[in-house]
Amino acid sequence: MGNPGEQGVPLQLNNAHGYLDRVIRELHAMRTEKKHPLVGVLQYLSDHIRHTRTELGALRPRGGDILSTTADELEEIVAETGRAANEIMGAAEAIEQLMPRVGKDVAVELLAAVTRIYEASAFQDITGQRITKIIRAVQDIEDKIDTLVGACGEPDGETGAPERCGDEALLNGPQLAKAANTQDDIDALFDSL
Amino acid sequence: MTLDKKMRILIVDDYTTMLRILRNLLRQLDLNNVDEAQNGEEALFKLRKETFDLVISDWNMQPMTGIDLLRQVRTDLKLKRIPFIMVTAESKTENVIVAKQAGVSNYIVKPFNAETLRMKIESVFKVAV
């Protein structure tokens, strides 16, 4: 094999620690005491590169993607709070429509309370915009990690968080709407068992 | 002197919840002649097709932002005198300066309350709503 940096041999991280290991082996074969500090440093670099590749690989585990899932979850929060805000508004509008049927003093107090509900419902717009900024940041980080993973190559062996099993594997929190079973799905499944 | 309660208002925001909030708060000010658009492009289309007395617009929208809508309005001979209130979460000084330079009539930062909306509309028309 050629050496990194030689003509026609691109210098890439994904084989850098392989070259380092080869250099370390060649140094070990040399009969000089001066080799030991150099071998130590090269061994450290080789281990560090291998560890970094493994860590990067953990962000791209098989069958899932932490950052994409995070962005999806955040988008779902925006959608859920939007639905909740509209429900709250609908209830407030229903109260407002009852005002002609109550005394003037009560109507004035109801109007003030309903107005406060309308004002407070604007939270969804503000939180939505803030979360959208976070989603963009997460997507930006994801792109950069993709680039890094591409430069480092696929990590050796199994990577990522240890696979959960048993009851622990059942703790996943709320499902994204696009992936979730509806109550009808659940009922059908339940009845089929 | 009081405000014409029949004046036609165009509210512009990409969040349907915010359109609903604005419509409800305007109704409480007895301003019921309200139409809506979800972005600057849709708003400009409506402004060129119908007659409005006031525009209340968000800033951050696509495909046309509120500031682009404002600039289009101010350079259109038929529309340039329409009062234009920006209602936005963009609260940086430079945003307000840019909007002012583009000819905004008033500027409301989200979240806002009904009283602020009333005062700004009064201020634009220099009357009591």
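In which loop of chain B is B:P63 found? B:P63 lies in the loop between β3 and α3 of chain B. The legends below describe this and other close-up views of a predicted model.

**View 1. A cis peptide bond precedes B:P63 in chain B.** The bond joins B:Q62 and B:P63, and its omega is about 10°. B:P63 belongs to the loop that connects β3 and α3 of chain B.

**View 2. The peptide bond from B:K110 to B:P111 is likewise shown as cis.** Omega is near -5° for this bond. B:P111 is placed in the loop between β5 and α5 of chain B, where α5 covers residues 114-125.

**View 3. B:D30 has a positive phi although this residue is not glycine.** The phi value of B:D30 is near 70°. B:D30 sits in the loop between α1 and β2 of chain B.

**View 4. Five strands of chain B form an open, parallel sheet.** The order of the 5 strands is β2-β1-β3-β4-β5. Strands β2 and β5 (106-109) of chain B stand at the edges, and each has a single partner strand, so one side of each lacks a neighbour in the sheet. From one strand to the next, the twist averages 20°.

**View 5. Strands β1 and β2 of chain B pair in the parallel sense.** Strand β1 consists of residues 9-12 and strand β2 of residues 34-37, and 4 bridges link the two. B:V12 has B:A37 of β2(B) as its bridge partner, while B:I11 stands opposite B:E36 in β2(B). Between the two strands, the chain passes from β1(B) through α1(B) to β2(B) in a right-handed β-α-β crossover.

**View 6. Strands β4 and β5 of chain B form a parallel pair.** Strand β4 comprises residues 84-88, and its pairing with β5(B) extends over 4 bridges. Opposite B:T88 stands B:V109 in β5(B). The connection leads from β4(B) through α4(B) to β5(B), and this β-α-β crossover is right-handed.

**View 7. Helices α1 and α2 of chain B lie across strands of the sheet.** Helix α1(B) lies across β1, β2 and β3 (54-57) of chain B and runs at about 150° to β1(B). Helix α2(B) lies across β1, β2 and β3 of chain B, with an angle of about 165° to β1(B).

**View 8. Helices α2 and α3 of chain B pack with their axes 9 Å apart.** Helix α2 covers residues 40-49 of chain B, and the angle between α2(B) and α3(B) is about 25°. Angles under 35 degrees count as roughly parallel, and α2(B) and α3(B) are therefore roughly parallel to each other. Their crossing is right-handed. The contact involves B:G40, B:A43, B:L44 and B:L47 of α2(B), together with B:G66, B:D68, B:L69, B:Q72 and B:V73 of α3(B). By class, the residues of this contact are 5 nonpolar, 3 polar and 1 charged.

**View 9. Helices α3 and α4 of chain B have axes that come within 9 Å.** Helix α3 spans residues 66-74 and helix α4 residues 93-102, and their axes cross at roughly 20°. The two helices, α3(B) and α4(B), are therefore roughly parallel to each other. The crossing in which α3(B) passes α4(B) is left-handed. On α3(B), the contact is made by B:I67, B:L70, B:R71 and B:R74, and on α4(B) by B:V98, B:A99 and B:A102. These residues divide into 5 nonpolar, no polar and 2 charged.

**View 10. Chain B touches chain A through 14 of its residues.** These residues of chain B are in contact with 17 residues of chain A. Helix α1 (residues 16-28) of chain B gives the most to the side that touches chain A, with 7 residues. By class, that side of chain B has 7 nonpolar, 5 polar and 2 charged residues.

Technical notes:
Residues numbered from 1 in each chain as written. Chains lettered and ligands numbered in written order. Predicted model: local features only at pLDDT ≥ 70, side-chain atom pairs only at ≥ 80, totals over all residues. Contact = placed C-beta atoms within 7 Å. Nonpolar A, V, L, I, M, F, W, Y, C, P; charged D, E, K, R; others polar. Axes fitted to C-alpha atoms, helices over the stretch in contact; angles between N-to-C directions. Parallel < 35°, antiparallel > 145°, perpendicular 65-115°, else oblique. Left-handed = near helix turned anticlockwise from the far one by under 90°. Pairing = 2+ DSSP bridges. Right-handed = clockwise from strand over helix to strand, strands pointing away.
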